[in-house]
Each structure stands twice: as C-alpha cells, then as structure tokens.
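Visitor: I have a chain open on my screen and would like to talk it through. Could you walk me through it, starting with the overall fold and then going down to individual side chains?

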Amino acid sequence: MGVKRKQHGAKFKAMAALAGDKTLAQLSSEYGVHVTMISTWKQELMKRADELFERGNKRAADPQKTIDNLHRKIGQLQVERDFLVGQPAISHLMKGAR
C-alpha cells in the first residue's frame, strides 16, 4: 500500500513560501513538506505575484460588463426557447416537462 500524498491549498503554500522568520529546513520539518517543494512554491509566487494585482483590478472594473453579458445571454436563451416552443415536435416535449 502506498503512502497517501498530502494536498496543500494555495493559502498554505503562500504562507509557507513567504514565512521569513524560519528557515526552509525549519518549515520543512514543521509542515512535513520537502524543502524543494517550499522553494518551488516561493519561486512560483515570486514569478506570478504581479498577476494577483492585475486580476484584482480587472474584477473590480468588470461587474457591470459581466451583468450585461448575463442579461444578453438570458435574452438569447428566452428567444431560442420561444422559437422551440413553436415547433410541434419540441412543443409537445416542453409542455410535458412543465
């Protein structure tokens, strides 16, 4: 029987990578994670840190655009449904589903 791999979330990885008060060896023994994994997490965090702020700004600027797109999609689906209700074979199926 093999050893079950530990699954660590993004928050845990970020905290372990950024912890500056302990050495990698101390973090490794405390959390039971290999030193190279913590180093890899830290490198990934440093490489992609700019994306955290870019995404945050895009999300804050786009709520109305997202709502508009959803309203447009709802309208499109209603038109398609109304068209299909007019078709005899499909109308029979849709009335039975209600």
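Visitor: How many helices and how many strands are there in the protein chain?
Guide: This is a predicted model, and in it the secondary structure of the protein chain comes to five helices and zero strands. Read along the sequence, the pattern is accordingly written α-α-α-α-α.

Visitor: And what share of the residues counts as buried?
Guide: Of the 98 residues of the protein chain, 8% count as buried. As for contacts between residues with a separation of 6 or more, 32% of them are accounted for by residues 24 or more positions apart.

Visitor: Which residues make up the largest nonpolar core?
Guide: The largest nonpolar core has six residues, namely Ala16, Ala17, Leu27, Val33, Ile38 and Trp41. The elements that give two or more residues to this core are α1 and α3. As a general background, nonpolar side chains tend to be buried together in soluble globular proteins.

Visitor: Let's stay with Trp41 for a moment. What is Trp41 in contact with, leaving aside neighbours within four places in sequence?
Guide: With those neighbours left aside, Trp41 is in contact with His8, Phe12, Lys13, Ala16, Ala17 and Val33. Among these partners, Ala16, Ala17 and Val33 are also listed with Trp41 in the largest nonpolar core.

Visitor: Phe12 is on that list too, so where is the place of Phe12?
Guide: Phe12 sits in helix α1, which covers residues 10-18.

Visitor: Why is Phe12 not counted as buried?
Guide: Phe12 has a relative accessibility of 25%, and because buried means under 20%, Phe12 counts as partly exposed. Apart from its neighbours within four places in sequence, Phe12 is in contact with Tyr31, Val33 and Trp41. For the pair Phe12 and Tyr31, which are 19 residues apart along the chain, the C-alpha atoms are separated by 9.9 Å.

Visitor: Switching to charges: how many salt bridges does the count come to?
Guide: The count comes to three salt bridges. Glu44, Lys47 and Arg48 are linked in a network of them, and a further salt bridge is formed by Arg81 with Asp82.

Visitor: What are the distances in the network, and how are Glu44, Lys47 and Arg48 placed?
Guide: In the salt bridge of Glu44 with Lys47, the closest N and O atoms are 3.6 Å apart, while in the one of Arg48 with Glu44 the closest N and O atoms are 3.3 Å apart. Glu44 and Lys47 are three residues apart in helix α3, residues 35-61, so they are separated by about one helical turn. Arg48 and Glu44 are four residues apart in helix α3, and they too are separated by about one helical turn.

Visitor: Which of the three are exposed and which are partly exposed?
Guide: Lys47 is exposed, with a relative accessible area of 60%. Glu44 is partly exposed at 34% relative accessibility, and Arg48 is likewise partly exposed at 36%.

Visitor: And what about the salt bridge of Arg81 with Asp82?
Guide: There the closest N and O atoms are 3.3 Å apart. Arg81 is partly exposed with a relative accessible area of 38%, and Asp82 is partly exposed as well, with a relative accessible area of 47%.

Visitor: New topic, pockets. What volume does the largest pocket have, and which residues are the closest to its centre?
Guide: The largest pocket has a volume of about 330 Å³. Of the twelve residues that line this pocket, the closest to its centre are Ala10, Trp41, Glu44, Leu45 and Arg48. The elements that give two or more residues to the lining are α1 and α3, and the largest share, nine residues, comes from α3. By class, the lining of the largest pocket has six nonpolar, one polar and five charged residues.

Visitor: Which residues line the second largest pocket?
Guide: The lining of the second largest pocket consists of Arg5, Lys6, Gln7, His8, Lys13, Gly32, Val33, His34, Met37 and Trp41, and about 250 Å³ of space lies in this pocket. Its lining residues divide into three nonpolar, four polar and three charged. Trp41 therefore deserves a second look on your screen, as Trp41 is named in the lining of the second largest pocket and is one of the residues closest to the centre of the largest pocket.

Notes:
Residues numbered from 1 in each chain as written. Predicted model: local features only at pLDDT ≥ 70, side-chain atom pairs only at ≥ 80, totals over all residues. Heavy atoms only, no water. Salt bridge = Lys/Arg side-chain N within 4 Å of Asp/Glu carboxyl O. Buried < 20%, exposed > 50% of the residue type's maximum accessible area, 1.4 Å probe, protein only. Contact = heavy atoms within 4.5 Å. Core = buried A, V, L, I, M, F, W, Y, C linked by side-chain atoms within 4.5 Å. 1 Å grid on protein atoms, 1.4 Å probe; cavity = no way out; pocket = protein on both sides within 12 Å on 5 of 7 lines; lining within 4 Å. Points joined across faces, edges and corners; volume = space filled by probe spheres on them. Nonpolar A, V, L, I, M, F, W, Y, C, P; charged D, E, K, R; others polar.
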